[in-house]
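Thanks for sharing this one. Here are some notes to read alongside the coordinates, covering internal space, cysteines and backbone angles.

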Amino acid sequence: MRLTVIGTGYLGAVHAACMAAIGHDVLGVDVDTEKITALSEGRPPFYEPGLEEVLTQGLASDNLRFTTRLTDAAAHGEVHFICVGTPQQAGSRAADLRYVDSVIDGLVPHLRSSCLVVGKSTVPVGTTERLTERVAGLAPAGVRAEVAWNPEFLREGYAVEDTLRPDRIVTGVNSPQADEALRRVYAPMLEAGIPYISTDPNTAELVKVAANSFLATKISFINAMAEVCDAAGADVVTLADAIGHDTRIGRRFLNAGVGFGGGCLPKDIRAFAARAQELGAGPAVAFLDQVDEINARQRTRTVALARRMAGGDLTGRRVAVLGATFKPDSDDVRDSPALAVAAALRQEGADVRVHDPEGTANASLAHPELYCDTDLLTACKDAELVLHLTEWAQYRELDPVKLSRVVRVPVLIDGRNALAHDDWRAAGWTVKALGRSAPSPRRTAVAMEPPPSQLVPAPGPQSTSTAPSSALMA
C-alpha cells in the first residue's frame, strides 16, 4: 500500500521505516529540513536502537522516501498517518493540538482521491469526531477522506521492536472500509497472531491515555510506599517483591526511585485529567493529580537526600550524576527526572558533573549551566557524592572498588534502586536510596517477572562509542 507518515519524530520516523520494512511504499513528511535530509541519508536524528538498520534497508529497497511537502503526501498516499507531537499547552494541563490541525489543513485540500487519514498521536477523546468535521469542510469535491485513530504504544529504546512486533494493535474506525484498510496495513502482524482490537474512535483514543495513566499510577504508588517505608524504617524493594508475587499486581513498574518522565507520560496524564474535566468527569480521574504530585515529590526528596548526605549544604561540593536521559537506551531528556535533579543540585551550589552514554548533547542544550561529559571517569573524578539516576546497563556493570579509587568520597545515592547495594557497601561505599531505611536484609533469590529489558531485547547493535571505560567495569 502507499502510505504517508506525517511527522518524523520518535514515533513517525520509526513508523515510516518499519512500514517500509514490511513492504509498503512509504513517504515520510516533516517541516524540519535538516531532519528530512538526515533521514534521507540514512541517519536517524535521534538515538533509537535498531532504527538505523531498518531505515537504511527501507531507503535501499526504494520503499522509503522523505519530503518536506504535504502536497507530495496528498498525491502519494492511500493511508495517511499523523504522527506529530501533542505537547502540553503553555499555562494549561490540556494537550496542544495545533500540529495535528495544521496537518489536516495542509494535507486535505490537496487530496486527489479518496483515502484514510489515521491519527497515531496521543490526543484527547473526541479528536476524531472533531477532525472528521474539519476534513469534510476542507476536502475537494468528489474526494472522501475518512478519519480513524490508531494509537501507538511504543517504548523509547524498544520502538522498532514494538512497531514490528507489538503486543496489540488498536484501531478506532467508523466504517468497515476503514477497518479493512488498516487490516491491510498491518497484515504481517495479524498473520503472526498479534491481537487486533477494532473499536470506535472514542474508545481507541481513550485506550492510550488510560494505559499511560495506569502505568503512571503504578509507579507513583510504589514511590508513595517508598516514602512510607522511609518514615517507618522499612524496605520498599522487599515490599515490592512481596506484593509483586500477587498475580493481580505483578512486579513490573513497581520500582521505587526518582520517578517517571519523558515526553509522554507526564503530559498525557495531565491532558487526560483536563479533558475529563471538560467532559464533566473530572472527579473520576482526580487521583491523577496525586499521581503527578507524588512523582514530582520524588525529585525533591532525592535532592533533599543529597543535601543530607553532603552534611546539610551542597555549596561547592563535587557531585557526579550518572544519567541525563529520562530512561536508558534513548537520548531523550524531555522532562527527565535525572536532569531535573542535576539542575536542582546545581542551583543549590553544587559542582555538578553529568554523565550519560547517549544524552549528553541534548542535556547540554537543555541545561547549558551543567557540565556534561561522555567519559564516566572524568565525570566522577574527585566526586564527594555520586547519584545514579538513569538505569543504563553500563552503570549496573560498574566495579565499585575501581570507581572508589576515582572519587574523593565514596558516597552513592541509588535513585533507581537498581544497583547491588551489598557489593557497593563491601567496596567501602556509603549507599542510600529512597525507601531503603531498613537495615540491609538477607535477600533470598526467588523467581520473579523479568525486567522489561529482558522481556524484549533491544534490536540491532548497541552503540559503544560513549560507554564507560572498561577499566571501571566489573
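Which residues lie nearest the centre of the largest cavity, and how many line it? Please keep in mind throughout that this is a predicted model.

1. **Who lines the cavity.** The lining of the largest cavity is made up of 13 residues. Nearest its centre lie Val123, Pro124, Val209, Ala271 and Phe272. Two elements, α10 (201-232) and α12 (265-278), each give two or more residues to this lining. The largest share comes from α12, with 5 residues.

2. **Size and character of the cavity.** A general reminder first: rolling a probe the size of a water molecule over the atoms reveals where empty space remains. In this model, 3 cavities reach 30 Å³ or more, and the largest has a volume of about 90 Å³. Sorted by class, the lining of that largest cavity holds 8 nonpolar, 2 polar and 3 charged residues. If you want to look at the charged ones, there are 3 to find in the lining.

3. **Cysteines.** How many disulfides does the model contain? The count comes to 0 disulfides. For Cys115, the nearest cysteine sulfur belongs to Cys83 and is 15 Å away, and Cys115 is in no disulfide. Cys115 is also buried, at a relative accessible area of 9%. Why is there no bond at Cys372? Its closest cysteine sulfur, in Cys380, is 13 Å away, which is too far for a bond, because a disulfide needs the two sulfur atoms within 2.5 Å. Cys372 counts as buried too, with 18% relative accessibility, since the cut-off for buried is under 20%.

4. **Phe253.** As general background, most residues other than glycine have a negative phi. Phe253, which is not a glycine, has a positive phi near 65°. Where does Phe253 sit? The loop between α11 (236-244) and α12 holds Phe253. With a relative accessible area of 30%, Phe253 is partly exposed.

5. **Asp335.** A second backbone angle to look at is the phi of Asp335, positive at about 45° although this residue is not a glycine. Asp335 is found in the loop between β9 (318-322) and α14 (337-347). At 31% relative accessibility, Asp335 counts as partly exposed.

6. **Back to α12.** Two of the points above meet at this helix. The loop that holds Phe253 runs between α11 and α12, and α12 gives 5 residues to the lining of the largest cavity.

Definitions and conventions. Residues numbered from 1 in each chain as written. Predicted model: local features only at pLDDT ≥ 70, side-chain atom pairs only at ≥ 80, totals over all residues. Heavy atoms only, no water. Buried < 20%, exposed > 50% of the residue type's maximum accessible area, 1.4 Å probe, protein only. 1 Å grid on protein atoms, 1.4 Å probe; cavity = no way out; pocket = protein on both sides within 12 Å on 5 of 7 lines; lining within 4 Å. Points joined across faces, edges and corners; volume = space filled by probe spheres on them. Helix = DSSP H or I, 4+ residues; strand = E, 2+ residues; numbered from the N terminus. Nonpolar A, V, L, I, M, F, W, Y, C, P; charged D, E, K, R; others polar.
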